[in-house]
Every structure is written in structure tokens, then in C-alpha cells.
Protein chains: 2
Amino acid sequence: MQAKQDGQTYAPKGKAHSVCEPGEFPVGVIGMDHGHIYGMCGGLSEAGADIALIWDSDAAKAAALHAKFPNAKIAKSKEQVLEDPSIKLIATASIPDQRGEVGIAAMRRGKDCFVDKPPLVNHEQLARVREAVAETGRKFGVYYSERLHVEAAVHAGELIAQGAIGKVIQVTVLAPHRLNAPSRPAWFWDKKRYGGIITDIGSHQIEQILYFTGAKNAKVTQARVANYANQGHPGFEDFGDATLLCDNGACGYFRVDWFTPAGLGAWGDGRAVIIGTEGYMEIRKYINPAADGDGDHIILVDGQGERHIKAAGTCGFPFFGQFIRDCLDGTDNAMGQEHALCAIELAIEAQALAHKSAPGGFSG
Amino acid sequence: MQAKQDGQTYAPKGKAHSVCEPGEFPVGVIGMDHGHIYGMCGGLSEAGADIALIWDSDAAKAAALHAKFPNAKIAKSKEQVLEDPSIKLIATASIPDQRGEVGIAAMRRGKDCFVDKPPLVNHEQLARVREAVAETGRKFGVYYSERLHVEAAVHAGELIAQGAIGKVIQVTVLAPHRLNAPSRPAWFWDKKRYGGIITDIGSHQIEQILYFTGAKNAKVTQARVANYANQGHPGFEDFGDATLLCDNGACGYFRVDWFTPAGLGAWGDGRAVIIGTEGYMEIRKYINPAADGDGDHIILVDGQGERHIKAAGTCGFPFFGQFIRDCLDGTDNAMGQEHALCAIELAIEAQALAHKSAPGGFSG
């Protein structure tokens, strides 16, 4: 059972399958402001990485991660991790506006990096990351967990690649999240730090739209953000949506929000509906509400009939092993460097487009 | 059991509950180009109307409807129906670009009218209908069947009115339809006649967005149409979507398409997801795919928990009785005249906005 009442600490467990030798891929951790670091380290570790060196400005946070990876050492400083010549990759889930800098610092020292989403929050940071990638040849991997770490989403990608629904026409992603306001740190409410709701949790959805449609790029055709029910936090956005037109003619829509009710047995009733020329599929990611508390459901309808596929245990999370091999071999198979950066670039563009409209919310 | 493989002949049956005396509300039928006329007449008849006089240019079509309503008479001409002083209401499911004219002719003769959706296909027709409504004081009712004749959608409206999910924030409607190309008449493929996919089946969805959000009007913020897989019919659109910002600050998105696969046990896996400040609900209108061949499911999640509500047999289809009473009493309770016209007005606006973009579809 995964703890899944709270998206902050949701760290799926997969089957361990090492793609490298013990000691071949030591990972250093810098910054644990978001609990996603557990999922990131878990995925890498299951694929053969050694979580080797941990640093956070909060010693209690570092100790908590250390308890999960007791073979790791606690570093005295961020610099110690960056300068350690044995560390191959730096993983970070620091505050969103700091993540790009950690990644750049890693790449400038000849290491690869793996950065929680959103990996950065503005165009200036993106330009600096692109520059560092180009100049160093290192990897700037991004943890778009709502696809990479959701077995039903991974399996849906496999089914599409096998032609299960023909050519993909459109992707709709609905991504409600549980707010759990009392548990949130100050930066969570500060748009300059988290980048706005589309940059933050919308980047996941754009990544899925690009991936499932097989597009290389897209144009944002509409975007909207609003604060409907959290006026106590004026810098916060609790709703966002956008439409995309992909460079191959397919298209997408996503909705993100912080309105998961207390009565749902998961942090969010995340769905993706993908229509193709020969059929469609719906992914119920974390729960099948009022039917099954477990997640990873695919409803596939094609010319032959309707099928309910339980994806848990089918394909695991191949991203992590592929990404480790990419780092070791200089390949680009796990996600594609440009794909990872394109998703956040479009998210920042959509966020800016939404800001051009008056701030949304209930009138009167 | 409803025959629901084909949306053209989908005519839900409800409980009979007369709101008027026998003979008090005789209905004349003019034009049966779309099978929706069966659902329209069925709903009116269950609420106490008498289907009294039938005319179609195709005698076989008139005879087929007569077989369902053997107390009716077959008229010799359209004029006979329009001029019959006993007829209170004219129902029409003629070709979309003719429906407005039938309605205007009825109203100009002191009768109310009930028109299949889309009730008209351009702004000029809309202006003439508005003028006729204003000058005659008669009703121009529209059969937006995807809400009015779907018990789960009606019950969802009741639940929202009772405060089940708080204040409605956003409505997403996904409305795939079965193409069944060989069964379609020539006008189905001709955009001038059916108005484009958003005017045609999008008007249903806009009506739902206005209704569920409680908005009086909205602004179309994005719209798109495409022909992805029917290049043999260059005037056809098999995909459309749009986003709306409502006048009360809530918002909506809908997607319409003709890609229901052969393997689905219904003509479309129509869904609506409605999020509110206190919970959300999903409507699975015609089927719960890979789980239940019957329709009318509501998944309701609030602060207390998750519930699966089977709406069949709960509330019936109160629109028809309310509309008959509106016609007899001069009230405006069933839908609201302005609401009915606003939905199609926004659909025509969205369709025009979509046409401003280059026609969409797969590139290359």
C-alpha cells in the first residue's frame, strides 16, 4: 500500500531492477523542501543507484531521508555534495525557484542532475539551464511524477505505442490535488517561488500531452488561472487550465486545481482521457472513486469492445533505469532532454498567457 | 432497455406523469429529418401532451412516427399543421438550418414551438427568432437532450441545487458521438446545413456549462474544430472543443467528437465532471464502460466520502411537464427562454472563433 492521502509524500514503490553495478551510480541529494525527493530517490535506488550523500538546510529532513537510505552519509554542506568527485548525479527537490540553480551547479561540475517538477519557474532560468546543458553536455532530468511514477500512465504509453487506439487525436488531463493547507510551508503560497499553478502542477500535464500525442512541441491557445476559495492567500492560485495545439496537429486540454475533497481516499482523482482514430482510453491514476481504493486503472475501448486493465505490476517505472543508463552512456532515451525542457517552457508560457487576463475567480 | 447503439434514434423512456388534461395540449410535428423527434414526442407525450398531427416530406417517416402515436393524424401539408387552430405547439427535428424557420412560422401563428438542437445555425437566424419571440410572446423551446433527457444529468442538477458540492467552479464535458457514417443523410456532411460541430453538438455542452454553473451568459475564450479522419467529407468536422468563462466567474471546457469506437456498448461515453468548492461529481451518462452497460451514473465525492449514485428512476425528466405548463400558463420555468437562446448563440460564436484559425487536423 502506498500512502496516498497526501501528494506531498506520495512515493510509489516499484520492483527493484538494477541497470548498473553497485557503486557505479552514486547519487547526492541537495534540498528536500518537497517530499517528492522520496519518490525520486526511491525510483533511482530501485534501478540500481546508490543514494550516497544527503544535504538539506534542515537537519531533521536530512535525517529522515537518511533513515530510508542508511548507507548514505549526511553532508556538512551543499558544496561538499557538489564537489564530491564520486557523485555522478545530484537530485534536488528544493524550493521550485532554486531547483534550476542546483541543477546548473551540478552540471557545471560535470555531474548530471535530476530535478523535481517544476524544475524552474521563469524564462530566464530556463535560458540558463539550456545554456548549461549545451555547454556541459550533462543531463537535466525532470521528475514529472504524474506520468513517470504512475504505472497506469506508463502502461498507457506502451499501449499507444503498440497502436491500441490508432493515431492520438486529443489528450484531456484532469489533475485535482489535495490542498492540505496547514501542512504547507510559506513558499507554497508565494507565486514568485512556486511559479503559479500552471508552472507548478500544469507542467506535469503538458508533459503528458506532448508524450501521449507524440508531439515535439505545441502552442498554448488558451490559459486561465484563478483563486476561487483561498482569498486568505492572495498570491495563491487554486485553479488553472489551458488548451494546446501540438506541432503534429493533435491537441490537448488540462485542468489543475487544489479542490480534492476530504472524503476522497487519495490525494487526487487524476484522470487522463486519450482519444485516437481507432479507440480511446481513460486512465484513473490514483483511485477508481466509489469502486476501488487502489489506483492504476485503464479503461480501453476500441473496435472490439470495452476493457478494464489493472496496470499495477505490469510495467513498473522504466524511466529511472533508462535515465541512469542515459547518464552513464551519454544516450537520451528515458525522456529526451528537449522534451523535458519543452514541457516546462510551455507551462511558463501558459502561465504568462493566463496572467494577461484579469485574475479569475467568482465575481460579485 | 433503451436502444442506445445509435444516438440518432436514442429516445429515453421515463415515467408518464401528466401535467394537463387529455386534449389540453395537442402537438403538431413538422419535419423528422433527425430521429430526435422520437425523444421529443415521447417526452411531451409522457407529460400529458397529445401528439395530434404529423407531417414530413417523406411519407414513410411520417408513417413510422404515426405507428408510435396511432391517435395522431397524418397531415397533407406543413401548412395544414401550422394553420390548425387546435394545435398548441409545433415540434420539429427538420434539417438544422430549417428549424428556426419552422419555429418562427409557428410563433407567428400564435403557437409555441419545440425545436431539436441545434435550433438554428447562424446569427441571422438567431436574430429573427429573438424578434419573433419578442413580438409574439410565444415559446421557442430547444431540445438540449444531453441534459434534459439524461436522468443522471437532471439528478446532478438537483444535487447541485441542494448544495452537494458547494459553489460550482468548473464544468468539463466530454461528448464523443458515434459517426455511423453509412446511415447519415447528405445534409449531415454539409456545414452550411448542420452549422459545424460546435454549433451542432457543442450547443448541448454549452447549455450544460451554463446550467450547472448557474451562469446567465459566458464568453468563449478559445475554440477549435478539425477534420482528423474524414477527409472524404471535406465539409465535415469530426472534432471540436472550446473553453468558456462564465459571467459569474465560474468556467467550463467541452470537447465534442465523432470517434466513438465500434466496441462501445452505447453511442457515446458522455461525461461531465463538475467541481465545486465543497466536492465534485462525475456524470457517466450513457454507460459505465467496462463495468455496467446501463447509464445514468453519478460519482459524488465530498467532505464525507465517495458515493456511486445510480440515477435511473430517481427524478425522471421534469423538463417536459414544466415546458408544457410554461406554454399553457405563460411562465418560464422549464429552462428559461434566454438560457435556451444563449446556449446556441455562444455555440455559434465558438464555431466562428474556431473557423478563424486554420482548419485543424493532422499535419504532414
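Q: In this predicted model, what is the order of the strands in the open sheet of eight strands in chain B?
A: Let's start with how the strands go together: the pairing is mixed. From one strand to the next, the twist averages 10°. Strand 8 (218-226) and strand 14 (306-310) of chain B each pair on one side only, which makes them the edge strands. Reading across this open sheet in chain B, the order is 8-9-10-7-11-12-13-14.

Q: Which residue in strand 9 of chain B stands opposite V220(B)?
A: Strand 8 of chain B and strand 9 (residues 239-246) of chain B run antiparallel, and eight bridges join them. Across from V220(B), in strand 9 of chain B, you'll find L244(B).

Q: At about what angle does helix 9 of chain B run to strand 10 of chain B?
A: Helix 9 (residues 197-213) of chain B packs on the sheet, and the strands it touches include strand 7, strand 8 and strand 9 of chain B. Helix 7 (residues 151-161) of chain B also lies across strands here, among them strand 13 (297-302) of chain B, and runs at about 165° to strand 12 of chain B. For helix 9 and strand 10 (251-257) of chain B, the angle is about 150°.

Q: How is the aromatic pair of F114(A) and Y143(A) arranged: stacked or edge-to-face?
A: The two rings come from distant parts of the chain, with F114(A) in strand 5 (residues 112-116) and Y143(A) in strand 6 (residues 140-143) of chain A. Their centres are 5.8 Å apart, with 80° between the planes. An angle over 60 degrees puts a pair in one particular class, so this one is edge-to-face.

Q: Is F114(A) buried or exposed?
A: The cut-off for buried is under 20% relative accessible area. F114(A) comes in at 0%, and its partner Y143(A) is buried too, at 1%. So F114(A) counts as buried.

Q: Which residues do ring pairs link into a cluster with Y143(A)?
A: Y143(A) forms a tilted pair with F320(A), 6.3 Å centre to centre and 50° between the planes. That pair links strand 6 to helix 10 (residues 319-329) of chain A, 177 residues apart. Along with Y143(A), the cluster holds F114(A), F319(A), F320(A) and F323(A).

Q: Over which ring does the charged end of K167(A) sit?
A: Look across to the other chain for this one. The charged end of K167(B) sits over the ring of F362(A), 4.3 Å from its centre. For K167(A), the distance to the ring centre is 4.3 Å, and the ring is that of F362(B).

Q: What kind of axis relates the two copies?
A: Chain B can be laid on chain A with an RMSD of 0.0 Å, using a turn of 180° and a shift of 0.0 Å along the axis. The copies are therefore related as by a two-fold rotation axis.

Methods
Residues numbered from 1 in each chain as written. Chains lettered and ligands numbered in written order. Predicted model: local features only at pLDDT ≥ 70, side-chain atom pairs only at ≥ 80, totals over all residues. Heavy atoms only, no water. Least-squares fit on C-alpha atoms with pLDDT ≥ 70 in both. Phe/Tyr/Trp six-rings, centres within 6.5 Å; stacked < 30°, edge-to-face > 60°. Helix = DSSP H or I, 4+ residues; strand = E, 2+ residues; numbered from the N terminus. Buried < 20%, exposed > 50% of the residue type's maximum accessible area, 1.4 Å probe, protein only. Lys NZ or Arg CZ within 6 Å of the ring centre and 35° of its normal. Pairing = 2+ DSSP bridges. Axes fitted to C-alpha atoms, helices over the stretch in contact; angles between N-to-C directions. Contact = heavy atoms within 4.5 Å.
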